[in-house]
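Trainee: I've got a chain open here and I'd like to talk it through with you. Can I fire some questions at you?

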Amino acid sequence: QVQLVESGGGLAQAGGSLRLSCAASGRALSNYAMAWFRQAPGKEREFAAAISRSGGSPYYANSVKGRFTISRDNTKNTVYLQMDSLKLEDTAVYYCAGRPGWPSVSGARDYDYWGQGTQVTVSS
């Protein structure tokens, strides 16, 4: 199994940027398609971005498209989420997730492995 640990969350102003990291251990990250999800208080966990095992074919939710960039460095066993032009509605706990095979944009239930989450708070 693979273990995932997120970092990089914190407080940012609207219009600012943050970069989240997700470090994998236990198995090589290259075995897994990876994704970022987020969950705001009182809301369901929602898909934000996904990337294939090789790093190609990124997918984005409409709510983050053009502002967030998902990437990965398999040599460092790490996935990233660069978040620019942050909005108040981006405030949430952000989770990285992994699954064998191809990325899925269908929902959280398609992913097998999860990190513990990192809080992102955007203020005005």
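Mentor: Sure, and one term to start with: buried means under 20% relative accessible area. Keep in mind that this is a predicted model.

Trainee: Got it. What is the relative accessible area of Phe 37, and is the residue buried or exposed?

Mentor: Phe 37 lies in strand S4. The cut-off for buried is under 20%. Phe 37 is therefore buried, as its relative accessible area is 0%.

Trainee: Which geometry does the ring pair of Phe 37 and Phe 47 have?

Mentor: Take the distance and the angle together, since a pair of aromatic rings is described by the distance of the centres and the angle of the planes. For Phe 37 and Phe 47 the centres are 5.8 Å apart. Planes over 60 degrees apart count as edge-to-face. Here the planes stand at 75°, so the pair is edge-to-face.

Trainee: How many residues apart in sequence are the parts that Phe 37 and Phe 47 tie together?

Mentor: Phe 37 belongs to strand S4, and Phe 47 to strand S5, residues 46–51. Both residues are buried. The pair therefore ties together parts whose separation in sequence is 10 residues.

Trainee: And Phe 37 with Tyr 111: how far apart are the ring centres?

Mentor: Tyr 111 sits in the loop between S9 and S10, and the pair links parts of the chain 74 residues apart. Tyr 111 counts as buried, at 4% relative accessibility. The planes are at 75°, so this pair is edge-to-face, and the centres are separated by 5.4 Å.

Trainee: Which residues form the aromatic cluster?

Mentor: The structure holds 5 aromatic pairs. Phe 37 pairs with Phe 47, and Phe 37 also pairs with Tyr 111. The cluster as one group is Phe 37, Phe 47, Tyr 95, Tyr 111 and Trp 114.

Trainee: Which residue lies over the face of Tyr 95?

Mentor: Look for a charge over the rings of that cluster. The residue over Trp 114 is 4.9 Å from the ring centre. Over the face of Tyr 95, at 3.7 Å from the ring centre, lies Arg 45.

Trainee: Let's go to the strands. Over how many bridges do S4 and S9 pair?

Mentor: S4 covers residues 32–39 and S9 covers residues 92–100. Within this pairing, Trp 36 stands opposite Cys 96. The two strands are antiparallel, and the number of bridges is 8.

Trainee: What is the bridge partner of Gly 98 in S10?

Mentor: S9 runs antiparallel to S11, residues 118–123, with 3 bridges, and Tyr 94 has Thr 118 as its partner there. S9 also joins S10, residues 113–114, through 2 bridges in the antiparallel sense. In S10, Gly 98 is partnered by Tyr 113.

Trainee: Cys 96 came up a moment ago. Which residue forms a disulfide with Cys 96?

Mentor: The structure holds 1 disulfide. One of the partners lies in strand S3, residues 18–25, and Cys 96 in S9, so the pair ties together parts 74 residues apart in sequence. Cys 96 itself is buried, with a relative accessible area of 0%. Its sulfur is 2.0 Å from that of its partner, Cys 22.

Trainee: Why is that disulfide called right-handed?

Mentor: Check the S-S torsion of Cys 22 and Cys 96. The disulfide is right-handed because this torsion is about 50°.

Trainee: Which element gives the most to the largest nonpolar core?

Mentor: That core has 34 residues, and those touching the most other members are Leu 4, Met 34, Trp 36, Leu 81, Met 83 and Tyr 94. The elements giving two or more residues include S3, S5, S9 and S11. The most, 5 residues, comes from S4.

Trainee: Last one: is Gly 8 buried, exposed or partly exposed?

Mentor: Gly 8 is in the loop between strand S1 and strand S2. Beyond its neighbours within four places in sequence, Gly 8 contacts Leu 18, Arg 19, Leu 20 and Thr 118. Partly exposed falls between under 20% and over 50%. With a relative accessible area of 36%, Gly 8 is therefore partly exposed.

How values were computed: Residues are numbered from 1 along each chain as its sequence is written. This is a predicted model: local features need pLDDT of at least 70, side-chain atom pairs count only at pLDDT 80 or more; totals for chains, interfaces and linings use all residues. Side-chain values use heavy atoms; hydrogens and water are left out. Two strands pair if DSSP finds at least two bridges between them. Helices (H or I, at least four residues) and strands (E, at least two) are DSSP runs, numbered from the N terminus. A disulfide is a pair of cysteine sulfur atoms within 2.5 Å. Buried means under 20% relative accessible area, exposed over 50%, partly exposed in between (1.4 Å probe, protein chains only). Rings of Phe, Tyr and Trp (its six-membered ring) pair if their centres lie within 6.5 Å; planes under 30 degrees apart count as stacked, over 60 as edge-to-face and the rest as tilted. A charge sits over a ring if NZ of Lys or CZ of Arg is within 6 Å of the ring centre and within 35 degrees of the ring normal. Contact means heavy atoms within 4.5 Å. A nonpolar core is a set of buried Ala, Val, Leu, Ile, Met, Phe, Trp, Tyr and Cys residues joined through side-chain atoms within 4.5 Å.
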